[in-house]
Amino acid sequence: MKLATWNVNSLKVRLPQVLDWAGKHQPDVLCLQETKLENDKFPAPEIRAAGYEPLANGQKTYNGVAILAKSAAADAVTAIPGFADEQKRVLAATVGGVRVVCAYVPNGESIESDKYQYKLRWLAAFRGWLKDELARHPRFAVLGDYNIAPEDRDVYDPKAWEGQVLFSVPERDALKSLLDLGLKDSFRLFEQPERSFTWWDYRMNAFRRKMGLRIDHILLSEELAKACTACVIDVEPRKNERPSDHAPVIAELKL
DNA sequence: ATGGTAGAAACTCTA
């Protein structure tokens, strides 16, 4: 079973790239973030034609998540229970006996921003929900754009990024506290190339200069981590014309 | 000295 995640930064713009990529890599589950589409605008027919059943939780202009699955998805949840949030950032569903959470964690803007406080509050609520879901589902995966780089090696210039949003200690601690629930960063289960990143700013030729951060992650429960045989970042779509600023991440499971 | 780019939508906000 292949699980994948990709922040597409507008599904309207990126739909052809998403269909092309899914056709090539054939993930069983593809989690998308920043779809920026209301559900009634979601391109469900095109996605069905490509062999995927879509689940969408979107809004206009900002945010929005979706799960594309090769087999039927059940028991969808579209919000963090008990956390009032206008922003569409989560979607959970059960696919092929695996409970999948697709998440778009708030960016935070800067550590001085109100949005940063929202990010930390959001992560605390998210943790509570994941704990509950994990208790009920031993086969549990949390995929998405976390907007947090865990370690120095996940940042092209950790000195310059120290204390900045996406790499500040409170954010990294929040990510650690998700792992402390009993989740594994699937990417680090394996030997990986140096300078492995999933996001590069559109500005300053950041991609060409390898100035990236690894902020998109696939976290796996113990049971799924044991079954995980590979996790890779596919940088190829970042080279496309009109690319997303994020690259997809794929984890392969032998279930 | 505070850019630069991209997306959506409205002439600005978010990332």
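Hi everyone, this is a short walk through one protein–DNA model, from the DNA-facing surface to the pockets and the cavity.

Two housekeeping points before the structure. This is a predicted model, so to speak: local features need pLDDT of at least 70, side-chain atom pairs count only at pLDDT 80 or more, and totals for chains, interfaces and linings use all residues. Residues are numbered from 1 along each chain as its sequence is written, chains are lettered from A and ligands numbered from 1 in the order in which they are written, and side-chain values use heavy atoms, with hydrogens and water left out.

Let's start with the DNA. Which residues are closest to DNA strand B? The strand is surrounded by 16 residues, and the closest are S10, R14, T61, R203 and R242; near here means that a heavy atom of the residue lies within 4 Å of the strand. By class, that surface has 5 nonpolar, 4 polar and 7 charged residues. For the classes, Ala, Val, Leu, Ile, Met, Phe, Trp, Tyr, Cys and Pro are nonpolar, Asp, Glu, Lys and Arg are charged, and the others, Gly among them, are polar. Helix α1, residues 11-25, gives the most to this surface, with 3 residues. Helices here are DSSP runs (H or I, at least four residues), as are strands (E, at least two), numbered from the N terminus.

On the DNA side, 66% of the strand B atoms within 4 Å of the protein belong to sugar or phosphate, and the rest to bases. Three side chains reach phosphate oxygens of strand B: R14 at 3.0 Å, R242 at 3.2 Å and K115 at 3.3 Å.

K115 brings us to helix α3, residues 114-136. The helix has 23 residues and spans 34 Å from first C-alpha to last, close to the 33 Å expected at 1.5 Å a residue; the expected span is 1.5 Å times one less than the number of residues. At its N-terminal end, S113 acts as a cap, with a side-chain oxygen 2.9 Å from the backbone nitrogen of K115. Buried residues of α3 include Y118, W122, F126, W129 and L130, where buried means under 20% relative accessible area with a 1.4 Å probe, protein chains only. Remember that an α-helix has 3.6 residues a turn, so residues three or four places apart point the same way.

A quick stop at helix α2, residues 44-49, which holds I47. Is I47 buried or exposed? It counts as buried because its relative accessibility is 1%. I47 and L19 are 28 residues apart in sequence, yet 7.3 Å apart in space, C-alpha to C-alpha.

Now the open spaces. A pocket is an open set of points on a 1 Å grid over the protein atoms alone, with protein on both sides within 12 Å along at least five of seven lines; a cavity is a set where a 1.4 Å probe fits but cannot get out, and lining residues have an atom within 4 Å of a point. The largest pocket holds about 620 Å³. It has 27 lining residues, with Y104, N107, G108, E109 and N147 closest to its centre. The second largest pocket holds about 250 Å³, and 8 nonpolar, 2 polar and 3 charged residues line it.

Finally, the search finds 1 cavity of 30 Å³ or more. Among its lining residues are D185, F187, R214 and C231, and β12 gives the most, with 3 residues.

Technical notes:
Grid points are joined across faces, edges and corners, and a volume is the space filled by probe spheres set on the points. A polar contact is a pair of N or O atoms within 3.5 Å; within protein, one must be able to donate a hydrogen and the other to accept it, and residues adjacent in sequence count only if both atoms are side-chain atoms. Buried means under 20% relative accessible area, exposed over 50%, partly exposed in between (1.4 Å probe, protein chains only).
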